[in-house]
Amino acid sequence: MDKDQKRLFDSARRVVVKVGSGVLSFNGGINHNVVASISRQMAALTQGGREMILVSSGAVAAGVAKVALGRRPASMPEKQAAAAVGQAGLILEYELRFAEAGLKVAQVLLTRNDLSHRGRYLNARNTLNTLLAWGVVPIINENDTVVTDEIRFGDNDNLSAMIALLLDADLLINLTDIDGLYDGDPRTNPDAKRLEVVEKITPAIEASAKGRPGAMGTGGMWTKIEAAKKSMASGVPMVIACGSRPKVLTDLFEGIAQGTFFVPRADKLGSRKRWIGFTSQTFGEVTVDDGAVKALVERGKSLLPSGILDVSGAFDVGAAVAVCDARGNELGRGLTNFKAEDIRAIKGLKTDQIADCLGSKEYDEVIHRDNLVVTVAAP
Ligand SMILES: Nc1ncnc2c1ncn2[C@@H]1O[C@H](COP(=O)(O)OP(=O)(O)O)[C@@H](O)[C@H]1O
Ligand SMILES: N[C@@H](CCC(=O)OP(=O)(O)O)C(=O)O
């Protein structure tokens, strides 16, 4: 591991570890050795003075084994029922393993709504911070049994990145069944090579991560790349490594390089902007012209009505909206100063025409730059 990475590991006080279903399952059930190994390593790191948070998948896989379904269910009710059966046993197993090291764990099951509403987000943060202050290890999963499409995270890779941002973690470690990101799907491309360090998510990297997940996984490498984007853009380093490798976590903290390291931007994004950019739920879309794209992406300006081509959705003042270019690419997200119907009325106008059009004017900017997070890199 190079000096910069080693320094990041040495100084990381708060660490989120995500472990995926593939590496947690074995022979149609839970891989008890992997649960024991990860618990042991997390406990050792906690006792070494770090605050460790676990995001663990595996509820569906554990449930499949218990009800002897034989394979990961395809239908939603079966998946939700399997998760209900499996989550209990999974958390019990973690509880027993951490107890061997004298540590307590807490089960935290979340839906997207718990994080996409600012008030609930802050509430979740307070609860998790309290657990950490008590020396308890939070073990987080999606609340699979009750989620519907509208309130799903859908995958624990993105959930783990949102947790890392929520808790202002210093590091995010994604443990899966492969030793990192390859430049092609290794199942279909035997010549694919592991990338040791990723400084920027390029279109080639995105293309390499489009393969299906493993038999028990969700999202495959694609959702890990989405998680890496959130993490890197917020200033949190991320590693993808193999969860079944003995001492994977403790070795990383001893400076033994493995997996793929995603280099974060140098300055950390503030907590409110992280929420706006990567966790808030958007209620509509504002399409902007090429001049506005340049102003927002290259010059960090606010969005004015004159650069707006179109608006979709029905939303009120203060809602989070996606900002897209004319080709439909999302440039970022922001909190709007105007409701959707007013933006529809003032799009394309100069700021001194707003009051005439709407009868009054509180703001010049449709989205002020303090409330805007650009999530694409400037060219
Ligand atoms: N470019 C790639 N590099 C590495 N693995 C890839 C790539 N593309 C697809 N995969 C597949 O993604 C799988 C990991 O994703 P997934 O099954 O969702 O794991 P998890 O359950 O840990 O989230 C690997 O087993 C691998 O076969
Ligand atoms: N919440 C689900 C896992 C969803 C998920 O993202 O799975 P994975 O891709 O294996 O991390 C479960 O506990 O089975």
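Let me start with the contacts in this chain: of those with a separation of 6 or more, 74% are between residues 24 or more positions apart. Bear in mind that this is a predicted model.

Next, the secondary structure. There are 15 helices and 15 strands in the chain. As for overall dimensions, the radius of gyration is 22 Å, and the globule rule gives 21 Å for 379 residues, so the chain is as compact as a globular protein of that length. The C-alpha trace, taken along its principal axes, spans about 70 × 45 × 45 Å. Of the 379 residues, 44% are buried.

Now the domains. The assignment splits the chain into domain 1, residues 3-274, and domain 2, residues 282-374. Between the C-alpha centres of domain 1 and domain 2 the distance is 35 Å.

That leaves the ligand. Which residues come nearest to ligand 1? They are Gly 20, Thr 176, Pro 213, Gly 214 and Gly 217, out of 24 residues around ligand 1. By class, the shell has 13 polar residues, 8 nonpolar and 3 charged.

Where in the secondary structure does the shell come from? Two helices, α2 at 21-24 and α10 at 220-234, each supply at least two residues of the shell around ligand 1. The largest share comes from α2, with 3 residues.

To recap for anyone setting up a calculation: two domains, 3-274 and 282-374, with centres 35 Å apart, and a ligand 1 shell of 8 nonpolar, 13 polar and 3 charged residues. That is what I have.

Conventions
Residues are numbered from 1 along each chain as its sequence is written. Chains are lettered from A and ligands numbered from 1 in the order in which they are written. This is a predicted model: local features need pLDDT of at least 70, side-chain atom pairs count only at pLDDT 80 or more; totals for chains, interfaces and linings use all residues. A residue is near a molecule or strand if its C-beta atom, placed from the backbone, lies within 6 Å of it. Helices (H or I, at least four residues) and strands (E, at least two) are DSSP runs, numbered from the N terminus. Ala, Val, Leu, Ile, Met, Phe, Trp, Tyr, Cys and Pro count as nonpolar, Asp, Glu, Lys and Arg as charged, and the others, Gly among them, as polar. Domain bounds come from an automatic or database domain assignment. The radius of gyration is taken over C-alpha atoms; the globule rule is 2.2 Å times the number of residues to the power 0.38. A residue is buried if 20 or more other C-beta atoms lie within 10 Å of its own, exposed if 12 or fewer, and partly exposed in between; C-beta atoms are placed from the backbone. Two residues are in contact if their C-beta atoms, placed from the backbone, lie within 7 Å.
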